Amino acid sequence: MKSSKIKSYCKINLSLRVLKKLKNGYHNIKSLVTFCDLYDVILISKTTSLKDKITFSGKFKKGISRKRNTITKLLSLLRKLGFFKKLSFKINIKKNIPHGSGLGGGSSNAGVLLNYLNFKMKLNLNKNKIKNLAKKVGFDVPLSLERKNVLLTGKKHDLHRIKKKFRFNILIVYPNITCSTKKIYFKNKAYSLNKSYPDFGNINNKNLINFLKKEQNDLEKTVVKIYPSIKKVIKYIKLQKGCYFSRISGSGSACFGIFSYMKHATNAQKMIKLKYPNYWSAVSRTI
């Protein structure tokens, strides 16, 4: 296998409702998730080494353990199934997606790599086996198995793929804070009823925006209580021309705004850079 390049895309939780806490400590959530054209780059090749060599590069390589991450967990699970017992890989991941931001970079890395290995190495794993493997790696990993908008329905591991593409212009701001998903969920006190959502496959862009304006991320109250600076970023994004709404993605700390036009998102990014010169930001589109 020659060296191959794989793109691993960023996810955005457009809305997130926490429905209930389960006895095992996890939560049932209802969330509308989309993907945008910000991505990590994975380079993979076979190696003659007896062990895998997994490295991280790029702006956001710091804070990721080389010994314990979504990639090592995935390879370990595959070897337990009898794959790659006499084969090792050299893998480098250029991290363009901030770590601990709620943008799902690590989960996406594992999801796209699982698909790649199944196809390239002819593992012949069916969709159900791939989905079950992805669940074992991490809660968000199944989301990245397909690059389609998806609704987490609120039922355990139930994903509803949406064929319709969303046409959103996005500004993402990362305030240099690493949020612990476990900590945020543990401290969360906000819960929502499992109300019915519209048919996202047939809704037009205007009605979708109007629906999302009224939505929220239940974890946001907890996040801004622990990190008050995040609340300021959310408010500042919302003040910019053409911004429909702004909130955090996942359990934070990344904040995003959805804009009417790309030029408004780009202008908003310029204002963010002036007000918060040390924060990272990116303008992107849904894919």
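A residue is called buried here when its relative accessible area is under 20%. By this criterion, in the predicted model described here, residues on both faces of strand β5 are buried: N149, L151 and T153 lie on one side, and V150 and L152 on the other. In a regular strand, side chains alternate between the two faces of the sheet. Strand β5 spans residues 149–153, and five of its five residues are buried, so the strand is largely enclosed by the rest of the structure.

Strand β5 has pairing partners in β2 and β6. Strand β2, residues 27–47, runs antiparallel to β5 and is joined to it by four bridges. One contact of this pairing involves S31, whose bridge partner in β5 is L152. Four bridges also connect β5 with strand β6, residues 159–162, again in the antiparallel sense. L152 takes part here as well, with L159 as its bridge partner in β6. The hairpin formed by β5 and β6 has five residues between the strands, and within this hairpin G154 adopts a positive phi near 100°.

A further group of four strands forms an open sheet with antiparallel pairing, in the order β8-β9-β7-β10. Its edges are β8, residues 243–248, and β10, residues 280–285, each of which pairs on one side only. On average, neighbouring strands of this sheet are turned by 20° against each other, direction ignored. Within the sheet, strand β7, residues 169–174, runs antiparallel to β10 and is joined to it by six bridges. N169 has R285 as its bridge partner in β10. Helix α5, residues 205–213, packs on the sheet and touches β8 and β9, the latter comprising residues 255–259. The direction of α5 makes about 45° with that of β8. Helix α7, residues 228–239, lies across β7, β8 and β9 and runs at about 165° to β8.

Aromatic side chains form 12 pairs in the structure. In one of them, the ring centres of F60 and W280 are 5.4 Å apart and the ring planes stand at 90°, so the pair is edge-to-face. F60 belongs to the loop between β3 (53–57) and α1 (70–80), whereas W280 belongs to strand β10; the pair therefore ties together parts that are 220 residues apart in sequence. F60 and W280 are both buried. Ring pairs also bring in Y174, linking F60, Y174 and W280 into a cluster.

Another of the aromatic pairs joins F200 and F211. Their ring centres are 5.7 Å apart and their planes lie at 65°, so this pair is also edge-to-face. F200 is located in the loop between α4 (181–187) and α5, and F211 in helix α5, so the parts tied together are 11 residues apart in sequence. Both F200 and F211 are buried.

Lysine side chains are placed over tyrosine rings in two cases described here. The charged end of K30 sits over the ring of Y197, at 4.6 Å from the ring centre. K275 lies over the face of Y276, with 5.9 Å to the centre of the ring.

Key: Residues numbered from 1 in each chain as written. Predicted model: local features only at pLDDT ≥ 70, side-chain atom pairs only at ≥ 80, totals over all residues. Heavy atoms only, no water. Pairing = 2+ DSSP bridges. Helix = DSSP H or I, 4+ residues; strand = E, 2+ residues; numbered from the N terminus. Axes fitted to C-alpha atoms, helices over the stretch in contact; angles between N-to-C directions. Contact = heavy atoms within 4.5 Å. Buried < 20%, exposed > 50% of the residue type's maximum accessible area, 1.4 Å probe, protein only. Phe/Tyr/Trp six-rings, centres within 6.5 Å; stacked < 30°, edge-to-face > 60°. Lys NZ or Arg CZ within 6 Å of the ring centre and 35° of its normal.
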